[in-house]
Amino acid sequence: QFFEKVIMTFEGNLAAPKGNILAIDDVHANLHLLTEILTQYGHTVRPVPNGKLAVNSAKAAPPDLILLDIMMPGLSGYEVCEQLKADEHTRNIPIIFISALDQVFDKVKAFSIGGVDYVTKPFYPEEVLARVNAHLTLGHLQKQLQEQNIQLQQEIFERKRAQESLQQRNRELTLLNQMNAMLQSCQAESDTYHVLRNICEQLFPSDG
C-alpha cells in the first residue's frame with residue numbers, strides 16, 4: 001500500500017498543470033530547496049529574498065501561484081499578501097504561506113487576509129508539492145470554467161441575434177405577403193399607392 005501511494009502521488013504530480021511560481025523567503029536555503037523541489041516536476045520558480053522585491057516582481061509579471069514566508073525583514077509576509085490582494089492585477093493569485101509560525105492565530109490571520117493554504121516549517125517536500133499542484137489544478141479548472149462561460153455567453157448572444165434576425169425576416173415575409181394580397185385586390189393604380197406606402201413604412205421604418 002505504501003508503494004501504491006507513492007506511485008499515485010508521483011503520477012499525480014506529473015499530471016498536474018505546470019506553473020510559474022514566485023517563492024518568497026529571506027532564508028537562502030529555503031529558497032534553494034523550494035526551487036529544487038518544484039523545478040524537478042516541471043514548474044518554473046522565481047526565488048525572491050524579501051517582501052519589497054516580491055511585490056514588485058508579482059506586479060511586473062504575475063505568477064500562477066505564490067509561496068510566501070511570513071517572518072521577513074522589511075515587509076512581512078502578511079503585508080506582502082495585503083498589498084497584492086489590494087491590486088486588481090494580482091488579487092486573484094493564490095498565495096500559500098510557508099512559515100515556522102504554527103499558532104492558530106497566525107494561520108487564521110493568513111487565511112483572513114487572502115491566503116489559500118498554510119504549510120508549517122520545517123516542511124516536507126511532498127506536502128509542499130502536493131499543495132502547490134492542488135492549487136494549480138484548481139486554478140487551471142477555474143480558468144477553463146471562465147473560458148467556457150465566456151464562450152457560452154458568446155454562443156447565447158449569437159443565437160439570440162440569429163433568432164432576432166429570423167423573426168425579422170419572418171415579419172418582412174408576412175408583410176410582403178400582405179402587400180401582394182392587397183395589391184391584387186386594388187381596383188385602380190391609385191389604390192396601390194396607399195398599399196405600398198403603408199407596407200414600406202413598416203418594412204423601412206427608419207427611412208423617410
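Strands β1 (residues 20-24) and β3 (residues 65-68) sit side by side in this predicted model, pairing in the parallel sense over 4 bridges. If you want one spot to look at, find A23: its bridge partner in β3 is L67. From there you can work outwards to the rest of the sheet, and then to the helices.

**The sheet**
- There are 5 strands in an open sheet, and their order is β2-β1-β3-β4-β5.
- The pairing throughout this sheet is parallel.
- At the edges you'll find β2 (44-48) and β5 (117-120), each of which pairs on one side only.
- Going from one strand to the next, the twist averages 20°.

**Helices on the sheet**
- Helix α3 (residues 51-60) lies across three strands, β1, β2 and β3, and runs at about 165° to β1.
- Helix α5 (residues 104-112) packs on the sheet too, where it touches β4 (95-99) and β5.
- The direction of α5 makes about 150° with that of β5.

**Where α2 meets α6**
- Helix α2 (residues 28-39) and helix α6 (residues 125-184) have axes that come within 10 Å and cross at roughly 60°.
- Because of that angle, α2 counts as oblique to α6.
- The crossing of α2 past α6 is right-handed.
- On the α2 side, the residues involved are L34, I37 and L38; they meet P125, V128, L129 and V132 of α6.
- Sorted by class, this contact of α2 with α6 has 7 nonpolar residues, with no polar and no charged ones.

Technical notes: Residues numbered from 1 in each chain as written. Predicted model: local features only at pLDDT ≥ 70, side-chain atom pairs only at ≥ 80, totals over all residues. Heavy atoms only, no water. Axes fitted to C-alpha atoms, helices over the stretch in contact; angles between N-to-C directions. Helix = DSSP H or I, 4+ residues; strand = E, 2+ residues; numbered from the N terminus. Parallel < 35°, antiparallel > 145°, perpendicular 65-115°, else oblique. Left-handed = near helix turned anticlockwise from the far one by under 90°. Contact = heavy atoms within 4.5 Å. Nonpolar A, V, L, I, M, F, W, Y, C, P; charged D, E, K, R; others polar. Pairing = 2+ DSSP bridges.
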